[in-house]
Number of protein chains: 2
Amino acid sequence: MSINTQSFIPPKRTLMGPGPSDVDPRILQALSLPTIGHLDPLFVELMDNTKQLLQFAFQTKNALTMPISAPGSAGMEAVFVNLVEPGDKVIVCQNGVFGGRMQQNVQRCGGRAIMVQDDWGTATDLNKLEQALKEHPDAKALAFVHAETSTGVRSDAQAICALAKQYECLTIVDAVTSLGGIELAVDEWQIDAIYSGTQKCLSCVPGLSPVSFSDTAIKVIKNRQTPVQSWFLDMDLVMGYWGQGTKRAYHHTAPVNSIYALHEALLILHKEGLQTAWDRHAAMHQTLRSGLEDLGLEFVVKEQDRLPQLNMVRIPDGIDDALVRSRLLNEFDLEIGAGLGVLAGKVWRIGLMGYGANQRNVEYCVSALSQVLSS
Amino acid sequence: MSINTQSFIPPKRTLMGPGPSDVDPRILQALSLPTIGHLDPLFVELMDNTKQLLQFAFQTKNALTMPISAPGSAGMEAVFVNLVEPGDKVIVCQNGVFGGRMQQNVQRCGGRAIMVQDDWGTATDLNKLEQALKEHPDAKALAFVHAETSTGVRSDAQAICALAKQYECLTIVDAVTSLGGIELAVDEWQIDAIYSGTQKCLSCVPGLSPVSFSDTAIKVIKNRQTPVQSWFLDMDLVMGYWGQGTKRAYHHTAPVNSIYALHEALLILHKEGLQTAWDRHAAMHQTLRSGLEDLGLEFVVKEQDRLPQLNMVRIPDGIDDALVRSRLLNEFDLEIGAGLGVLAGKVWRIGLMGYGANQRNVEYCVSALSQVLSS
């Protein structure tokens, strides 16, 4: 097969799927600044500033707060491989795709996953969860997804963590889609380990996974009986590179330019303020909701459990899912998301994340959908 | 501690350490193009083109050739977690830092690493290696570093692989610093699994790890008795996303912009041609060598084993290692590398990689070192 030797020039899409979301041009600009060394004193300073900004975004004082040099899935794995040892029991709440991935992670660490299942499209049920906590008093940790990207559901992270703490469980939270889009308070909610992604409500390019570990979690890591099965994700080693002070132990080559971009994304969030960002997501969601309902589209998730940043609507009967999405993409350069797993072909997922949660995107999306659905 | 809210504007360094190397501005430009979705048909096409270009760079027809969405250390881990199962014996050649990291990887997979040690700064000894192969006829694989980044040594990859194949071992090659800088022929040399990095002789930003697996390696993966311990790096899952055809199973969100950059970097290499790129590295190395020897600096590695792209010289007696490097950085915006491990404080490592292997860099480096060493 002959090689295509053309440079790739992407079209300017409007990204309103489940992520990546629209990236702020300021962030793309930061991404393309000249690369410097990953041990350069100026880069070490940038790492420190990035950590501080992540602490702000997560609302935590956790010293071990930093971006993993790989996507959110690796952030998830970093949390599980460090906290779970063979034989450990972990209660995992599943109400969509990502709870299932947590189960996989627990099992691949040699742990036992106790599953608490809720229907896709509903929030984690606190009663079921308490039942599981009672039945498994020896569970080491409880893991759940704050904002389920596969369904657009918000679970009550604060209440779930409070319950887990009553039963002396470590709390593990997937905040890939929640960070920057809805309220999240790591210290106040007693979260022990959390991971997120850069390409959702931070509006940064995909590729990094911010994580944070509480002092309790660090103690658990330090007291492990077995080595962490991943060398790349071993937090004890990673800490030596991302730790305090100017002396950093080389671990791996940090993705320097991606850190430039994340730093800029966090500066933008800091300038806006967390509450203002959350309010903006909520307001844009309301505008989008009106527009979609005017088109006759119905939301699947109960009102109180909806994520403003990820809107899941039922595909009307007789409508060809793939055709609509491909027309939106080809005629409007607009990407919306398909359903995943049991919801494939049944729903669309419309993202309003970070920089993309704006009036222009909302109106463009409603207008484009209106045209495609009526012709 | 108050947060620094300034945007980060890096200086324009000349990067002549062990990596990251100078990034071609064309690649930074590609990096900053608008993000599109990781399931966008145009992105899927870009993935296919990137695979083809990687096959060209690795000189292989291997269908499973793609970039891991994380740095070279994760590429190394991807190779080991997929090929090594608990109880497996792997012969590991160590003549620097990265052989030691391979050992760690084998052990964390529950395997047994049989170490073949050579002094740091020397190449892997074929006689020792054959001895180990004879003593361990049940070894499943043999792993070695083609271009040792910690010492600037090239081992004879072709001969090592030929020997391993005589003893029916899988061959695992670290090509982080070799790809694009010196001859490398995956199919001809019978390499079963190989990983590299983007930030060395490809002159791309750090963050991705190109890998390639032979059909033999794929058979081994398909016939595993135990699940791969990493979900993120499980090639069976990754293949579903990077595989053939237009239907791709969502695995993780690809680092879209980094793939733009890698694609552009590979186009540049393809345009230049592999042989021309290797010749350029060799020629620039000879010019640098003359310049450094004129300054009285001595190479540590025997001439025949030297990597053109990574030049390790002894620090003259009475010279303050850290002071020289910091003066080069602060007065000349020039980064060279320190020694690692047993060589810390004793050597400098001067990189001539990819875009950075040019006359301007060579002369600038010699001139800057000359000024700093004489004042």
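## How two chains and two domains meet

In this predicted model, 72 residues of chain B are in contact with 73 residues of chain A, where contact means heavy atoms within 4.5 Å. The area buried between chain B and chain A is about 6200 Å²; buried area is the accessible area (1.4 Å probe) that two parts lose on being put together, summed over both. Chain A also has an internal boundary, between domain 1 and domain 2.

A word on conventions: residues are numbered from 1 along each chain as its sequence is written, while chains are lettered from A and ligands numbered from 1 in the order in which they are written. Local features need pLDDT of at least 70, side-chain atom pairs count only at pLDDT 80 or more, totals for chains, interfaces and linings use all residues, and side-chain values use heavy atoms, with hydrogens and water left out.

**How the two chains are related**

- A turn of 180° with a shift of 0.0 Å along the axis lays chain B on chain A with an RMSD of 0.0 Å. That is the relation of a two-fold axis. Superposition is by least squares on the C-alpha atoms of residues with pLDDT of at least 70 in both copies.
- The copies meet through the same surface, because 100% of the interface residues of chain B are also interface residues in chain A.

**What the chain B side is made of**

- Carbon and sulfur atoms give 64% of the area buried between chain B and chain A. In chain B, the residues that lose the most area to chain A are Phe8(B), Arg108(B) and Trp231(B), together 13% of what that side buries.
- Between chain B and chain A there are 19 residue pairs in polar contact (both at pLDDT 80 or more). A polar contact is a pair of N or O atoms within 3.5 Å; within protein, one must be able to donate a hydrogen and the other to accept it, and residues adjacent in sequence count only if both atoms are side-chain atoms.
- Two or more residues each come to the side of chain B that touches chain A from α1 (25-31), α2 (41-58), α3 (72-83), α4 (97-108) and α9 (256-272) of chain B. Helices (H or I, at least four residues) and strands (E, at least two) are DSSP runs, numbered from the N terminus.
- With eight residues, α9(B) gives the most to that side.
- By class, the side of chain B that touches chain A has 35 nonpolar, 27 polar and 10 charged residues. Here Ala, Val, Leu, Ile, Met, Phe, Trp, Tyr, Cys and Pro count as nonpolar, Asp, Glu, Lys and Arg as charged, and the others, Gly among them, as polar.

**Salt bridges**

- The whole structure holds 30 salt bridges over all chains, and four salt bridges are counted between chain B and chain A. The rule asks for a side-chain nitrogen of Lys or Arg within 4 Å of a carboxyl oxygen of Asp or Glu.
- Arg13(B) pairs with Asp40(A) through their side chains (2.7 Å, N to O).
- Asp234(B) and Arg108(A) form a salt bridge too (2.8 Å, N to O). This pair joins two chains, because Asp234(B) lies in the loop between α7 (215-222) and α8 (235-242) of chain B and Arg108(A) in helix α4 (residues 97-108) of chain A.

**Inside chain A: the two domains**

- Domain 1 covers 14-20 + 274-373 and domain 2 covers 25-270 of chain A, with bounds from an automatic or database domain assignment. Their centres, taken over C-alpha atoms, are 26 Å apart.
- In chain A, 23 residues of domain 1 are in contact with 29 residues of domain 2. The two domains bury about 2200 Å² between them, 67% of it on carbon and sulfur atoms. On the domain 1 side, Leu274(A), Trp278(A) and Leu307(A) lose the most area, together 30% of what that side buries.
- Between these domains of chain A there are zero salt bridges, but seven residue pairs are in polar contact (both at pLDDT 80 or more).
- α10 (274-294) and β11 (310-314) of chain A each supply at least two residues of the domain 1 side, and α10(A) has the largest share, four residues.

**Backbone details to look for**

- The peptide bond from Gly19(A) to Pro20(A) is cis, with omega near 0°, and Pro20(A) sits in the loop between β1 (14-16) and α1 (25-31) of chain A.
- In chain B, a cis peptide bond joins Gly19(B) and Pro20(B).
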